[in-house]
Amino acid sequence: MNMNHAEVAVVGGGIVGLAHALAAAKRGRKVILFERDEYAVGASIRNFGLVWPVGQPDGLYERALASRRIWLDLAERSGLWARQSGSLHVAYAEDEVAVLDEFLATTPAASEQGCRMLTPEEVGKESSVVRTDGLLAAMWSPTELNVDPRQAIPMVAEILARDFGVEMRFGHAVRSINLPTIETDRESWQVDEVYVCSGNEFQALYPEVFASSGIRRCKLQMLRTAPQRGGWELGPALCAGLTLLHYGSFKHCTSLAALRERVEAERPFFVEHGIHVLVSQTRYGEVTIGDSHAYGMTHDPFEREDVNAAILEYFATFAELPTPRIDERWHGFYPSLPDGRPDLIARPEPGVTVVNGLGGAGMTLSFGLAEEVLG
Ligand SMILES: Cc1cc2nc3c(=O)[nH]c(=O)nc-3n(C[C@H](O)[C@H](O)[C@H](O)COP(=O)(O)OP(=O)(O)OC[C@H]3O[C@@H](n4cnc5c(N)ncnc54)[C@H](O)[C@@H]3O)c2cc1C
């Protein structure tokens with residue numbers, strides 16, 4: 001085996017690993033990144049590509065805005081597609097409007113960024129797809145960013161190698177860490193420090209860190225349309241009332257209880273399968289629609305068509321696309337911590353940092369988190 005040296009090793013080529021490699025390289029460190037697969041195919045390429053500060057509770061909002069700035073910086077250096085789309089939370093029921101009003105009244109940081117309520121007429125000007133019949137209002141947020149994960153993840157890896165001198169090793173599974181030695185199935189390296197960002201593979205390296213954390217995997221179902229024709233643009237990323245029950249930023253709103261009670265009575269299937277609907281776009285004009293949430297340590301590999309149908313049914317209550325045909329369906333998994341904890345950071349031995357458990361917000365939070373972890 002060859003013997004090589006770097007100051008920092010990163011395990012995992014998903015967004016969490018890429019973010020830590022970038023933060024270390026920006027600090028002048030010599031970095032090597034190992035990704036088990038020939039290219040990353042985990043959670044980071046299966047998502048909406050939404051950087052979604054508006055969903056982050058107090059304390060994480062700033063971290064999300066910091067990530068957003070880093071995404072924009074990377075986009076400026078390259079052909080990375082990043083649209084400053086903003087977002088609309090559309091409301092068709094009084095209890096949804098009440099939550100949005102309360103959120104704005106109690107979240108000055110969001111208002112300072114420009115979040116505000118729009119009338120149905122104003123919504124019609126912002127979005128050509130939102131149904132305005134029955135629409136009561138919507139909350140506009142300017143901070144959301146839409147990237148295309150299938151382009152962004154490989155492209156960030158390329159930028160790391162090209163602009164920051166990070167050595168990339170795809171197809172190298174890290175088998176053991178015994179500092180200063182780290183061994184893959186193909187090479188042995190001497191390193192000072194390691195960041196273990198192994199995503200769903202958390203039972204392989206330092207399993208004891210995870211065993212006591214309550215972490216489990218969340219399975220999500222996603223759909224994507226054919227490309228919309230003629231350069232058609234989605235405009236703001238979209239979501240509706242169910243999303244208010246999903247994100248931590250709304251948890252403190254006392255008006256949420258009434259909305260939850262109604263949804264539980266009217267849409268028990270949606271509650272059972274954790275369905276809420278987000279809508280984003282790709283660089284080729286396809287529209288991504290999802291998702292559902294099922295929690296467990298082990299999941300079967302099968303997709304439920306009744307869940308997909310429910311996602312599309314809810315989507316149709318608030319939006320209509322020029323080309324609605326669905327061309328792709330897939331599922332993804334992410335490790336998720338109980339009690340709304342936003343991440344798991346552990347130092348199981350000197351020089352080793354485990355970073356995992358970012359749940360449904362890895363695209364939103366990883367770059368900002370890595371800046372904090374590297375200090
Ligand atoms: C369907 C879906 C939709 C989502 N939507 C959004 C969204 O719009 N916005 C948002 O902010 N977040 C979203 N998320 C969450 C986000 O995708 C995740 O938080 C994030 O991708 C997790 O990144 P990761 O690097 O931890 O994991 P991963 O992307 O899974 O990467 C981990 C990598 O580590 C590698 N690895 C593991 N063990 C080893 C080893 N021993 N040696 C070498 N390599 C190893 C794996 O091969 C893998 O590539 C979504 C997630 C899903 C599944």
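**Exercises on a predicted model**

Tyr206 counts as partly exposed, because it has 18 C-beta neighbours inside 10 Å. (The cut-offs: buried means 20 or more other C-beta atoms within 10 Å of the residue's own, exposed means 12 or fewer, partly exposed is in between, and C-beta atoms are placed from the backbone.) Residue numbers start from 1 along each chain as its sequence is written. This is a predicted model, so local features need pLDDT of at least 70 and side-chain atom pairs count only at pLDDT 80 or more, while totals for chains, interfaces and linings use all residues.

**Exercise 1. Odd backbone angles**

Find where Tyr206 sits, then work out whether Asp339 is buried or exposed.

Step 1: Tyr206 isn't a glycine, yet its phi is positive, near 50°. Look for Tyr206 in the loop between E12 and helix H8 (207-211). (Helices, H or I with at least four residues, and strands, E with at least two, are DSSP runs numbered from the N terminus.)

Step 2: Asp339 also isn't a glycine, and its phi is positive at about 65°. The loop between E18 and strand E19 (344-349) holds Asp339.

Step 3: Asp339 has 5 other C-beta atoms within 10 Å, so it is exposed.

Step 4: Now the omegas. Leu179 and Pro180 are joined by a cis peptide bond with omega about 10°, and Pro180 lies in the loop between strand E10 (174-178) and strand E11 (181-184). The bond from Gly290 to Asp291 is cis too, with omega near 10°.

**Exercise 2. Strand E16 and its partners**

Which strands are joined to E16 by bridges, and in what sense?

Step 1: Strand E13 (residues 216-225) runs antiparallel to E16, with 3 bridges; Arg224 has Thr288 as its bridge partner. (Two strands pair if DSSP finds at least two bridges between them.)

Step 2: Strand E15 (residues 278-281) is antiparallel to E16 as well, with 4 bridges. Here Gln281 is matched with Val287.

Step 3: E15 and E16 make a hairpin with 5 residues in between, and Gly285 in that turn has a positive phi of about 90°.

Step 4: From E16 (residues 287-290), Val287 and Ile289 point one way, Thr288 and Gly290 the other, and all are buried.

**Exercise 3. Sanity-check helix H4**

What should the 13 residues of helix H4 span at 1.5 Å a residue?

Step 1: The expected span is 1.5 Å times one less than the number of residues. That gives 18 Å for H4 (residues 94-106), and the end C-alpha atoms are 18 Å apart, which agrees.

Step 2: Glu96, Val99, Leu100 and Phe103 are buried in H4. They cover an arc of only 95° around the axis, so they're on the same side of H4. (The arc is that of the directions from the helix axis to the C-beta atoms.)

**Exercise 4. The ligand shell**

How many residues surround the ligand, and which are closest?

Step 1: There are 44, and the closest are Gly14, Gly42, Gly199, Gly332 and Gly362. (A residue is near a molecule or strand if its C-beta atom, placed from the backbone, lies within 6 Å of it.)

Step 2: Elements giving two or more residues to this shell include helix H1 (15-26), strand E2 (31-35) and helix H13 (362-374).

Step 3: Domain 1 (3-45 + 150-212 + 341-374) and domain 2 (87-142 + 216-336) each supply at least three shell residues. (Domain bounds come from an automatic or database domain assignment.)
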